[in-house]
Amino acid sequence: MEHTHDTDDAKRAIRYLGQAVAQSPFKQTIDRAVMQWMQYRLSRKMPGLPLPELDDMLKGTEMLETNIDQWKAKAVAEGMLLGEQKGLQIGKLEGKLEGKLEGKLEGKIEGEAHALQHLLSRRFGAIPMDIVERIAAADLEQIEAWFDTAITAPDIASVFTPTRN
């Protein structure tokens, strides 16, 4: 039992032990001692899984083998549930991170758009509504390009006129 690698190994060990004990003249004493030891070891190897009472364990190796199958099924189910929960937690974290990044980008775009409008109004006076709308619909790269152009442009129209290379 100490060195089993999977449930099939554990069942083989239990069968072997059960046969050896059945042939012993000290069967009752051995049964109780072995079952106490097995209960202790199984509780250490599979913490959190409910183990049958000692008297139930003494009823035979077939019942113990069935219990091992049930324990394995429960452990697998709990492992899958934990995996799903971890997956959901990771998904939530990814969503939060994506939301934060999108929020930061939107904030940066709004800030750059505000700075561009401020520069334009200081240099050229009132900004026509169609230009305000173009700025509001632009991406960060475009706003930054307009800002750079606005620094030296002779008039507001020149900022938004495409240059030819």
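A residue is called exposed here when its relative accessible area is over 50%, and buried when that value is under 20%. With those two words in hand, welcome to this predicted model.

Let us begin with the overall build. The protein holds seven helices and zero strands, and reading along the sequence gives the pattern α-α-α-α-α-α-α. It has 165 residues, of which 22% count as buried. About 11900 Å² is exposed, with carbon and sulfur atoms supplying 56% of that area. Among contacts between residues at least 6 apart in sequence, 56% join residues at least 24 apart.

Now for helix α6, where our opening words come into play. Its buried residues are L140, I143, W146 and A150. Viewed down the axis of α6, these residues fall within an arc of 125°, so they line one face of the helix. The face turned away from that buried side carries the exposed residues E141, D148 and T152.

Next, the interior. What is the size, in residues, of the largest nonpolar core? That core has 14 residues, and those with the most contacts inside it are L116, L120, I135, W146, V159 and F160. At least two core residues come from each of the helices α4 (61-124), α5 (129-137), α6 (140-152) and α7 (156-160). Helix α4 gives the most, with four residues. W146 thus brings two parts of the picture together: W146 is one of the buried residues of α6 and is also among the residues with the most contacts inside the core.

L120 is a good place to look at individual contacts. Leaving aside neighbours within four places in sequence, L120 is in contact with G125, I127, I131, I135, A150, I156, V159 and F160. Among these partners, A150 is a buried residue of α6, while I135, V159 and F160 are on the list of residues with the most contacts inside the core.

Two other residues of α4 are worth a visit: Q117 and S121. Are they buried, partly exposed or exposed? Q117 counts as partly exposed because its relative accessibility is 24%. S121, at 31% relative accessibility, also counts as partly exposed. Not counting residues up to four places away in sequence, Q117 touches I127, V132 and I135.

The table below pairs each of these two residues with a partner further along the chain.

| Residue pair | Separation in sequence | C-alpha to C-alpha distance |
|---|---|---|
| Q117 and I135 | 18 residues | 8.2 Å |
| S121 and I156 | 35 residues | 9.2 Å |

Both partners have appeared before: I135 and I156 are among the residues in contact with L120. I135 is also one of the residues that Q117 touches.

Note on methods
Residues numbered from 1 in each chain as written. Predicted model: local features only at pLDDT ≥ 70, side-chain atom pairs only at ≥ 80, totals over all residues. Heavy atoms only, no water. Core = buried A, V, L, I, M, F, W, Y, C linked by side-chain atoms within 4.5 Å. Buried < 20%, exposed > 50% of the residue type's maximum accessible area, 1.4 Å probe, protein only. Contact = heavy atoms within 4.5 Å. Arc of directions from axis to C-beta. Areas by Shrake-Rupley, 256 points an atom, 1.4 Å probe, with all protein chains shown as cover.
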